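Ready for some practice in reading a protein structure? Take a look at the picture below, then try each exercise before you read its solution.

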Amino acid sequence: METKFPRIIMITQQHTWATALCVLLTIITQSYDVCAQATLEWSGASPIAFDISGQSLTSALNAFAETSGLQVSYPAEMTKGLSSSTVTGTYLPEEALGVLLSGTGLTYRFTNANTVTLVQRVPASADPVPLQPQSSDAPTSANMQKPIKVPEIVVKEVRERKDSYTVDEVSSATRIPVPVHDTPRSIDVVTKQVLEDQKVIRFSEALRNVSGVSQFSTQGGGGGSVMIRGFESDLNVFKNGFRDDSFFSAFSQRDIINIESIEVIKGPPSYLFGRADPGGIINQITKAPLKNPYYSAEMILGNYDLYRPTIDIGGPLNESKTLTYRFNGLYESAGSYRDGVRSQRIFLAPTIGWEVGPRTTFRFEAEYMYDRVPIDRGLVAIGGGVAPISVSTFLGDPTRKKEVNHGKATLTLLHDFNDMFRWRTAFRTAVTRSQYSSLESWFVIDENTGILDLARFEIPTTLQSHYLQNELHGKFSTGPIKHKTIIGVELGREVSSASVSGDFGGDTTTPGAFNFINIFNPTDRLFVDTPLTKFSNTKNVNDILGFYFGDHVTLLENLHLHGGGRFDYFKQSLVNRPHDLDPNQTEDSQTNLAFSPSVGLTYQPWKPIALFANYTESFAPQDAGVRSISGGLFNPERGKAYEGGVKFQFFDNRLRAKVAAFNIKKRNVLTADPLNGFAFSVATGEQRSQGIEFDVAGRIVPGWDIIASYAYIDARVTKDLMFLEGSRVTNSPLHQGSLWTTYFLQDGPLKGLGAGIGMYSQGRRNGVFQCTDPANCQAPFELPGYVRMDAAVYYRRPEVFTRTNLLAALNFTNVLDQRYFTGSQNFREIIYTGAPFTVIGSVKLEFY
């Protein structure tokens with residue numbers, strides 16, 4: 001947090017003789033050097049291991065303060081537009097700060113043993129800058145006890161800023177750190193503190209804080225599908241810049257146990273990230289190793305038998321702190337408001353950091369997750385809406401489970417050639433094995449009687465994904481123009497192997513010959529192990545090669561330009577292996593080439609206000625197994641987007657707000673071919689989304705934080721042979737909004753007591769696409785709009801014991817017990833439910 005205040009130093013008996021003499025020497029000699037040298041001599045500082053990359057000077061100073069434990073003070077405008085040098089290695093704090101400030105025109109002085117003040121570097125031939133303007137009122141022995149006034153300064157306290165709902169910089173939009181205010185893109189960040197205050201457990205719960213973003217589908221227990229600016233996507237989730245999509249990586253609901261923050265970049269992201277849908281990307285940032293010891297243990301308990309102990313520990317592994325670590329782990333056992341549902345989860349995430357040398361660092365990160373949960377397809381539609389039954393009704397067999405073992409490892413090497421160029425090599429590998437066993441919703445036989453046919457599936461699946469990224473980052477100037485550049489290449493391979501055995505109900509006209517459940521009376525049912533038919537046995541391989549580049553150019557201190565693009569080679573290979581319906585093996589493949597550009601501009605007529613605009617494109621290959629009637633392949637979907645908006649900074653950058661307007665079109669959307677009985681496809685479809693978004697996040701006054709959003713999004717089918725042109729796309733409401741705010745008492749006997757309140761709302765949504773000819777597709781239905789209210793109470797007490805902090809909370813979700821639905825899976829028989837009134841209690845102890 002940044003706080004402006006006039007600082008008064010009084011030389012009294014409360015100050016040490018060293019501080020008093022330091023101030024006196026400064027006044028007498030009119031030189032900061034004397035004070036700085038004297039303070040350093042008395043401070044007894046020890047060498048510390050630093051690892052601070054070249055970045056904006058503001059962020060680098062925050063990192064320096066966190067590592068050294070010192071407070072850094074400076075005028076608010078002093079660091080504007082300046083960048084730091086890289087500091088990697090073991091230094092005394094004053095040595096590290098000197099390296100950090102090299103080339104900035106700034107130097108420093110110690111005002112006491114724990115506070116450093118930045119000042120302009122004075123040329124040797126110039127007069128030294130006085131502590132205060134010279135005048136006849138200079139201190140004498142007669143007035144030495146009077147206060148000595150120091151000009152107003154801004155003090156940056158890292159520990160307070162870590163508790164913030166905002167961040168200064170992000171890297172997801174450009175793959176290199178750039179201030180949010182300077183980046184010509186819509187950027188939203190869900191910080192660690194928001195996750196903590198809302199007691200978020202699953203990744204999907206965090207997305208409600210971002211305008212125009214939601215997870216509408218769990219895929220029955222998979223990674224889920226998200227909606228971003230009116231476009232559905234399974235592709236657009238990443239972790240530390242590597243793909244973490246629901247096809248080849250995340251095969252279970254994503255956890256947040258090792259997540260530091262979640263960055264959402266709106267608009268087509270293919271210019272740096274390759275294949276994607278045009279709404280935007282979501283990038284998860286994981287927790288880093290720690291140079292100082294930290295240990296925490298938390299117990300989370302909730303209704304519906306939730307039991308979730310977690311640990312988060314880290315620190316140095318050697319005396320020089322060149323080896324560091326972090327470990328996050330959890331065990332979770334839970335029931336559910338859904339009848340008969342029980343789940344189990346284990347998540348382990350070790351991370352090791354190694355400072356190989358003064359300019360080289362290495363990091364190893366790993367994840368292992370075991371997840372066991374039933375396949376839950378929610379409720380079904382009756383008539384034009386959701387069936388009038390309890391949201392607790394489970395329409396299937398909850399004793400059958402999907403069991404997932406998932407492992408992931410990431411290696412990252414960073415090397416600074418000099419202060420201008422950095423090399424990054426990163427490799428990520430992930431392997432998932434899943435056993436899918438279900439008896440699940442298939443189709444409603446009779447809406448009057450409520451008889452629902454159930455399908456039985458057994459699907460063993462193995463997934464692999466391997467990615468290698470090599471990047472050269474630059475930070476240099478060409479005359480008065482400053483550049484932050486990136487040139488990179490990405491190689492990848494994704495492999496999916498699955499066989500699907502199923503029974504779709506058999507003869508549904510003969511009672512007892514098929515599995516069913518009565519949705520109005522779930523005890524009226526038949527669950528039997530009918531014979532299964534293996535009707536699919538496939539292997540899918542994707543080979544990826546991408547070249548990308550970008551340049552964030554500071555033309556003037558208030559004018560920033562970003563340009564870049566990516567060229568992609570994407571080859572899909574599909575092997576249809578023999579199965580019960582076809583004894584032959586067939587192979588097929590297709591290759592796509594695409595270039596995706598991006599350009600954007602930010603202008604700041606006044607520092608707190610930034611006007612921005614951008615143009616971006618995206619591409620997403622079609623399914624490798626889809627063919628036209630002639631057997632031909634289809635070109636990939638392409639997206640084009642225009643965006644403009646305004647960003648605001650208030651209260652010394654503690655509070656940020658953004659308003660953005662956008663227009664996105666996606667073409668080459670596959671649609672059914674009516675000339676051939678709708679059995680084949682043609683790539684003639686087009687969809688358009690346009691709207692306005694508003695986001696605000698930050699600290700209004702000490703203790704009062706807020707994060708809120710609103711989105712108006714009009715997403716429609718604009719061209720199609722099967723679906724009604726002009727109709728709204730599924731799962732996209734016209735209106736969506738959220739609010740969350742907390743307040744903590746700052747002093748008095750109740751200091752540390754806090755409360756939070758919030759809401760989340762969505763308007764009405766189409767459950768399925770509307771058809772030009774209803775005879776060729778499902779009857780339309782609508783999901784109702786809703787408003788969900790949440791609340792929380794907290795008690796946080798530092799030093800409850802020696803070097804021990806206490807954090808306790810009660811979080812209440814859906815306090816009004818609203819009946820609501822998160823979305824459908826474009827089927828009348830798959831409608832996902834929202835949880836009723838839920839209470840989660842947590843107690844956390846932090847040791848340091």
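The exercises below are about a predicted model.

**Exercise 1. The disulfide**

Find which cysteines are joined by a disulfide, and decide whether each is buried or partly exposed.

*Solution.*
Step 1: Look for two cysteine sulfur atoms within 2.5 Å. Cys771 and Cys777 fit, with an S to S distance of 1.6 Å. The count for this model is one disulfide.
Step 2: Check the accessibility of each partner. Buried means under 20% relative accessible area. Cys771 is at 14%, so this residue counts as buried. Cys777 is at 23% and therefore counts as partly exposed.

**Exercise 2. The largest nonpolar core**

Work out how many residues the largest nonpolar core has, and which elements each supply at least two of them.

*Solution.*
Step 1: Start with the size: this core has 25 residues. Those with the most contacts inside the core are Val190, Phe203, Val213, Ile262 and Ile282.
Step 2: Trace the core back to its elements. At least two residues each come from helices H6 (192-197) and H7 (203-206), and from strands S14 (225-228), S18 (259-266), S41 (735-744) and S45 (786-801). S18 gives the largest share, three residues.
Step 3: Zoom in on Val213. Beyond its neighbours within four places in sequence, Val213 has contacts that include Leu207, Met227, Val264, Ile282 and Tyr760.
Step 4: Look elsewhere too. Another core, of 22 residues, lies apart from this one, and Leu57, Ala60, Leu61 and Tyr74 are among its members.

**Exercise 3. One face of a helix**

Explain why the buried residues of H4 line one face of the helix.

*Solution.*
Step 1: List the buried residues of helix H4 (residues 93-101): Pro93, Glu94, Ala96, Leu97, Leu100 and Leu101.
Step 2: Look down the axis of H4. The buried residues fall within an arc of 160 degrees, so they line one face.
Step 3: Recall a general rule. An α-helix has 3.6 residues a turn, so residues three or four places apart point the same way.
Step 4: Move past the helix. Gly103 follows H4 and has a positive phi, near 85 degrees.

**Exercise 4. Positive phi without glycine**

Locate Tyr304 and Arg803, and describe their phi angles.

*Solution.*
Step 1: Tyr304 sits in the loop between strands S20 (294-302) and S21 (306-316). Its phi is positive, about 60 degrees, although Tyr304 is not a glycine. With a relative accessible area of 29%, Tyr304 is partly exposed.
Step 2: Arg803 belongs to the loop between S45 and strand S46 (804-813). Arg803, also a residue other than glycine, has a positive phi near 55 degrees. Its relative accessible area is 47%, and Arg803 is partly exposed.

Definitions and conventions
Residues are numbered from 1 along each chain as its sequence is written. This is a predicted model: local features need pLDDT of at least 70, side-chain atom pairs count only at pLDDT 80 or more; totals for chains, interfaces and linings use all residues. Side-chain values use heavy atoms; hydrogens and water are left out. Buried means under 20% relative accessible area, exposed over 50%, partly exposed in between (1.4 Å probe, protein chains only). A nonpolar core is a set of buried Ala, Val, Leu, Ile, Met, Phe, Trp, Tyr and Cys residues joined through side-chain atoms within 4.5 Å. Helices (H or I, at least four residues) and strands (E, at least two) are DSSP runs, numbered from the N terminus. Contact means heavy atoms within 4.5 Å. The arc is that of the directions from the helix axis to the C-beta atoms.
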